[in-house]
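Please load the structure in a viewer and keep the sequence panel open beside it. The tour below proceeds by selection, stating at each stop what is found there.

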Amino acid sequence: MLKYVRSRIDAWWAARHQRRDTHAMGQNNIYILPSRPGLAFCFTLGVLLLASINDQLSLGYMLTFLLAGAGFASMHATHGNLRGLQMDLREPAPGFAGGDLQLELRVHNSGRARYGVGIRVQDENGGKGETAWCDVPAQGHALVHVRCPATRRGLLELPTLVIETRFPLGLFRAWSIWRPATRAWVYPRAEQPAAPFAVTAHAAEAGELSGGALLPGQDFEGVRAYRRGDTLRQVIWKKAALALEQGGPLWVRETRAPASQRLWLDIADTAGREWEARLSRLTAWVLAAESQGHPYGLRVPGQELDPAQGPEHRRACLELLALAEPGRTA
Amino acid sequence: MSLISERLARLPRETRDTLFLLLTITATVAPHADHLPLWCSALTALMLLWRAQLAWRGASLPGRWPLVGLLVITAGLTWLSYRSLLGREPGITLLTLLMALKTLELRARRDAFVVFFLGFFLVLTSFLYSQSLLTAVWMLLCVWALLSALVLAQMPIGQPSLLLAARQAARTTLLGLPLMLALFFLFPRIAPLWGIPADAVGKTGLSNRLDFGAMSEIANDDSIAMRLRFEGPAPPSSALYFRGPVLSDFDGRSWRPSNRVFPLREAAPRVSGRATSVEVTLEPLRIPVLPLLELGSEAPNAIWTLDQLTLRRGVDLQWLADRPVTERLRFTHQVWLQHEHGPLKTSGALSEYVVLPLNRNPRSLAWARQLKASLGPEATAQARVDAVLSHIRTNDFNYTLEPGRYGELTPHLIDEFWFDRRLGFCEHFAAAFVVMLRAMDVPARIVTGFQGVDPVPQDGYLVVRNSNAHAWAEYWSERRGWVRVDPTAAVAPERISAGRSLQPAPGAIAGVLGSMNPALWRGLRDGWETLNNRWQQLVLNYSRGQQFDLLKSLGWQQPDWTALGQLIAGLILTATLVLWGWMRWQARPRDAWTRQRQRLVRELRQAGIEASETQGPRRWAELLSDRHGAAAAGLVELLLGLEASRYAASAAPASWTERRLWWQRFAAASRELRAGAR
């Protein structure tokens with residue numbers, strides 16, 4: 001029964017706070033309650049009133065009611081400090097599990113200046129993150145960076161954001177809840193320190209294992225037009241001047257990457273460990289291979305990415321790893 | 001000097017906020033220095049200075065143990081000063097010290113809140129001592145500063161200027177002003193919920209008992225006790241006796257009211273001449289007696305209901321309340337300056353007024369018996385009184401407010417006064433005089449109250465101050481009843497005729513100014529007191545009576561609690577409606593374009609177009625011509641015009657009139673379209 005009620009409440013809550021990419025705060029999504037000092041303030045007012053009655057202090061009445069008036073008005077002011085603000089979120093940069101996602105929020109204000117607006121992340125257990133504070137100038141906007149802990153890998157929905165303020169008197173806390181629709185990539189945690197690459201069986205099978213450490217460009221195979229991504233060393237400078245003069249393309253030496261350098265990062269090479277640990281190792285390898293400039297390919301159960309290089313490839317590999325699930329073949 | 005100001009300008013925020021808060025606290029505490037023990041003021045100042053120095057240097061705060069030590073020391077000193085930690089004075093002492101101590105561990109924002117709440121209490125407690133206009137203004141500034149500090153604490157980043165915080169605090173307070181005024185005028189003024197601890201010992205003023213010579217020195221309390229306004233010319237100051245507690249029981253040291261078991265049936269005063277109407281504003285004197293001008297025509301045991309106070313006329317013709325009067329009262333009553341009262345023939349009841357304590361003051365009794373014998377057995381009471389008065393007048397009795405302490409060496413206080421020291425003020429003279437009369441078998445009693453007024457009226461009001469407190473005597477004489485006699489007048493006639501015992505000692509500035517330019521000083525003082533009186537009449541005297549007067553002026557015939565309740569309920573209802581309307585207004589889309597778009601979508605749906613807000617005018621125009629063809633040409637043109645005016649590169653926002661014109665044309669075209677479709 002309780003579970004049913006609970007699920008109904010959760011459903012109602014989710015329907016009330018639909019995932020959106022922008023968040024406009026207005027009458028219907030700002031909540032306000034007295035804060036703890038606010039309750040203490042009420043108590044103080046009670047005592048002040050009693051003292052005024054008992055000593056028949058006209059000025060005491062005045063003080064009590066002045067404070068009551070200011071406190072009541074501060075409810076309106078606190079609510080107004082959020083009302084009319086609009087927020088949007090830049091698509092967050094990918095992060096690694098166990099690290100942080102950096103959320104960049106923009107707060108737009110078409111009204112009066114706002115002060116002491118705090119934004120924090122609420123995790124699934126309702127726990128509180130660190131609050132990032134900002135002041136928003138009148139008719140302007142503010143940039144806020146919020147750290148959001150990335151616990152799991154995958155293409156994740158962003159956690160609920162809580163926007164709150166206690167300005168001006170701190171007697172009330174007004175808050176609003178925003179569930180962003182944007183999703184963020186969280187790659188598996190990279191193993192630290194990275195293990196050395198496994199000498200893959202695939203390379204051995206192909207009989208292309210060569211002894212010496214060959215650097216790219218050593219096996220000369222031919223010439224072709226310049227393509228983005230080619231290194232300057234590959235350019236045939238002797239012909240370059242002519243090419244530039246005639247408006248033609250630059251020519252580069254085409255090299256065939258040595259087979260031993262055509263690295264295959266295979267899930268099979270990490271066998272004997274837990275699934276997440278295996279993904280961690282592969283992630284570390286992808287990063288290492290990318291930074292060392294080796295072309296690399298990636299094999300996970302059911303999917304394979306041909307060897308290549310560059311930020312796009314790196315991203316594709318990491319996204320593949322982020323979503324990788326253990327297959328039957330593994 | 002410039003170094004300090006430079007440093008001030010570049011203070012880190014934390015330090016600046018702390019210094020501001022310390023300054024605010026100092027301003028709040030300062031008015032208390034007047035009535036706190038010296039050690040408390042000094043210790044508070046030291047602690048605040050210490051904290052300021054720590055903030056200035058950015059040093060760390062003291063640990064827990066020094067603070068606990070300080071707390072124990074302050075509590076101990078308070079106990080030593082008052083022999084108690086409860087009650088008003090020790091309470092305020094402790095509050096002040098706690099406030100200073102709290103600043104020494106002011107770290108988190110929660111601590112700051114504690115300081116604010118203590119600050120508000122300190123502001124309130126200073127009203128216990130003074131509610132003058134000056135206090136009000138000073139305290140308003142303190143509250144403003146406290147609220148500004150509160151605002152600062154809610155601005156977690158950057159270095160917001162103090163001015164900004166002060167403006168925000170003022171803005172919030174001003175927004176709350178209507179509520180404050182409504183509460184102030186409408187909150188029911190109820191009677192005190194519990195008794196007020198007796199205080200104000202050692203001040204001139206009235207009390208329900210008179211200790212002979214216990215007070216060696218009277219504080220010259222210059223505060224105002226009441227203000228009067230006569231309808232018609234005011235009587236001379238020397239005729240103004242305000243009858244307070246009447247004291248007839250003497251135990252050798254103190255005088256108390258009669259505790260007669262069977263009340264006497266006394267006739268009403270016999271008044272003659274013309275009655276004078278007088279409007280009285282009485283400050284709370286915290287005694288159960290109303291000191292009114294002698295004498296009204298009401299008989300003893302008459303009942304008078306004033307606000308929520310029930311007053312009964314005592315047998316001695318004073319007005320007794322059922323509890324100490326703790327509120328300011330304003331009322332009008334009738335007085336007759338010519339009156340007689342008391343029985344005309346001797347009766348057994350009068351024997352109470354010749355009782356003297358046994359074995360006390362033998363020299364006085366002997367002296368009185370001797371005087372009585374020398375006058376002869378047939379001498380009237382009047383003759384005996386005259387004889388005693390002439391003795392006072394002709395011997396070297398001295399009127400002084402600092403007579404020293406009586407009764408330290410002897411239980412025979414009257415003897416000591418009458419023969420040995422001959423120094424005293426009204427209480428001594430009245431008491432000794434009554435003892436002498438009683439020793440001569442003349443019934444006599446002491447009447448306390450006020451005598452005289454300020455020589456110059458203020459703003460049309462005659463002012464009676466607490467320093468006008470006075471004691472005189474009444475003796476009984478056959479065929480006349482009780483007769484007032486003022487023995488102090490025999491030794492210090494100027495006390496009675498001028499109405500003032502001593503001028504209050506002027507403050508330093510007043511002294512200098514007064515000697516340099518007396519006229520200017522008098523003008524300043526009078527102007528200020530006039531302003532203060534207006535303040536008293538308008539704000540401080542606002543009580544139940546005025547509350548009901550307000551209701552009456554708002555149209556209630558018979559103002560009472562129900563009417564007040566109706567008014568409050570009505571106001572709450574109105575406020576709720578206004579608030580609700582305002583919230584609806586707030587909830588509407590802010591910018592004109594959104595509102596226009598919503599209205600357009602509504603209109604277009606009436607025309608049968610499935611328009612949505614996410615589409616633009618061009619899309620709506622397309623939908624319209626798809627649906628209605630050429631009939632919608634007018635609307636299409638208007639919509640395209642709207643698009644052009646809204647999205648054109650150099651478009652200025654449309655003015656209100658332009659928009660209105662556009663809507664008129666749109667509505668006309670829309671009507672045409674619908675008429676055509678039908």
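## The interface of chains A and B

Display chain A and chain B together: about 4700 Å² is buried between them, and 75% of that area lies on carbon and sulfur atoms. The model is a predicted one. The size of an interface is often expressed as the accessible area that is lost when the parts come together.

Next, select A:Asn54, A:Gln56 and A:Leu59, the residues of chain A that lose the most area to chain B; together they make up 15% of what that side buries. Widening the selection to every contact brings in 45 residues of chain A and 54 residues of chain B.

A search for charged and polar pairs across this boundary comes next. The rule finds 0 salt bridges between chain A and chain B, and it likewise finds 0 residue pairs in polar contact, where both residues must be at pLDDT 80 or more.

Colour the chain A side by element. Helix 2 (36–55), helix 3 (58–82), strand 6 (114–122) and strand 7 (132–136) of chain A are the elements that give two or more residues to the side touching chain B. Helix 3 of chain A gives the most, with 16 residues. By residue class, the side of chain A that touches chain B divides into 28 nonpolar, 12 polar and 5 charged residues.

## Strand 12 of chain A

Hide chain B and select strand 12 (residues 183–187) of chain A. This strand is mostly covered, with 4 of its 5 residues buried. Which strands pair with strand 12 of chain A? Strand 4 (residues 95–96) of chain A pairs with it in the parallel sense over 2 bridges, and strand 9 (residues 154–157) of chain A does so in the antiparallel sense over 4 bridges.

Two residue pairs serve as landmarks. On the strand 4 side, A:Phe96 has A:Tyr187 as its bridge partner. On the strand 9 side, A:Glu157 stands opposite A:Arg183.

## Salt bridges in chain A

Side chains of opposite charge can pair when their charged atoms come close. Over all chains, a search of the whole structure finds 27 salt bridges.

Begin with A:Arg273 and A:Glu191, which form a salt bridge whose closest N and O atoms are 3.0 Å apart. The pair links distant parts of the chain, 82 residues apart: A:Arg273 is in the loop between strand 15 (263–266) and helix 6 (275–292) of chain A, and A:Glu191 is in the loop between strand 12 and helix 4 (201–205) of chain A. Is each partner buried or exposed? A:Arg273 is partly exposed, at a relative accessible area of 34%, whereas A:Glu191 counts as buried because its relative accessibility is 15%, below the 20% limit.

Then select A:Asp100, A:Glu130 and A:Arg147, which are linked in a network of salt bridges.

## Chain B: overview and an open sheet

Restore chain B and hide chain A. Chain B comprises 23 helices and 20 strands, and 46% of its 678 residues count as buried. Among its contacts with a separation of 6 or more, 72% are between residues 24 or more positions apart.

Select the open sheet of 4 strands in chain B, which has the order 8-12-11-10 and antiparallel pairing. Strand 8 (289–290) and strand 10 (303–306) of chain B stand at the edges; each has a single partner strand, so one side of each is left without a neighbour in the sheet. Strand 11 (residues 309–313) and strand 12 (residues 319–321) of chain B pair over 3 bridges in the antiparallel sense. Here B:Arg313 stands opposite B:Trp319 in strand 12 of chain B.

## Salt bridges in chain B

Select B:Asp396 and B:Arg422, a salt bridge with its closest N and O atoms 3.1 Å apart. B:Asp396 lies in the loop between helix 11 (381–394) and strand 15 (398–399) of chain B, and B:Arg422 in the loop between helix 12 (413–421) and strand 16 (423–424) of chain B, so the pair ties together parts 26 residues apart in sequence. B:Asp396 is exposed, at 53% relative accessible area, while B:Arg422 counts as buried, at 15%.

The last stop is the salt bridge of B:Arg618 and B:Glu643, whose closest N and O atoms are 3.1 Å apart. B:Arg618 lies in helix 21 (residues 617–628) and B:Glu643 in helix 22 (residues 633–647) of chain B, so this pair ties together parts 25 residues apart in sequence. B:Arg618 is partly exposed, at 45%, and B:Glu643 counts as buried, at 17% relative accessibility.

Definitions and conventions:
Residues are numbered from 1 along each chain as its sequence is written. Chains are lettered from A and ligands numbered from 1 in the order in which they are written. This is a predicted model: local features need pLDDT of at least 70, side-chain atom pairs count only at pLDDT 80 or more; totals for chains, interfaces and linings use all residues. Side-chain values use heavy atoms; hydrogens and water are left out. Two strands pair if DSSP finds at least two bridges between them. Contact means heavy atoms within 4.5 Å. Buried area is the accessible area (1.4 Å probe) that two parts lose on being put together, summed over both. A salt bridge is a side-chain nitrogen of Lys or Arg within 4 Å of a carboxyl oxygen of Asp or Glu. A polar contact is a pair of N or O atoms within 3.5 Å; within protein, one must be able to donate a hydrogen and the other to accept it, and residues adjacent in sequence count only if both atoms are side-chain atoms. Ala, Val, Leu, Ile, Met, Phe, Trp, Tyr, Cys and Pro count as nonpolar, Asp, Glu, Lys and Arg as charged, and the others, Gly among them, as polar. Buried means under 20% relative accessible area, exposed over 50%, partly exposed in between (1.4 Å probe, protein chains only).
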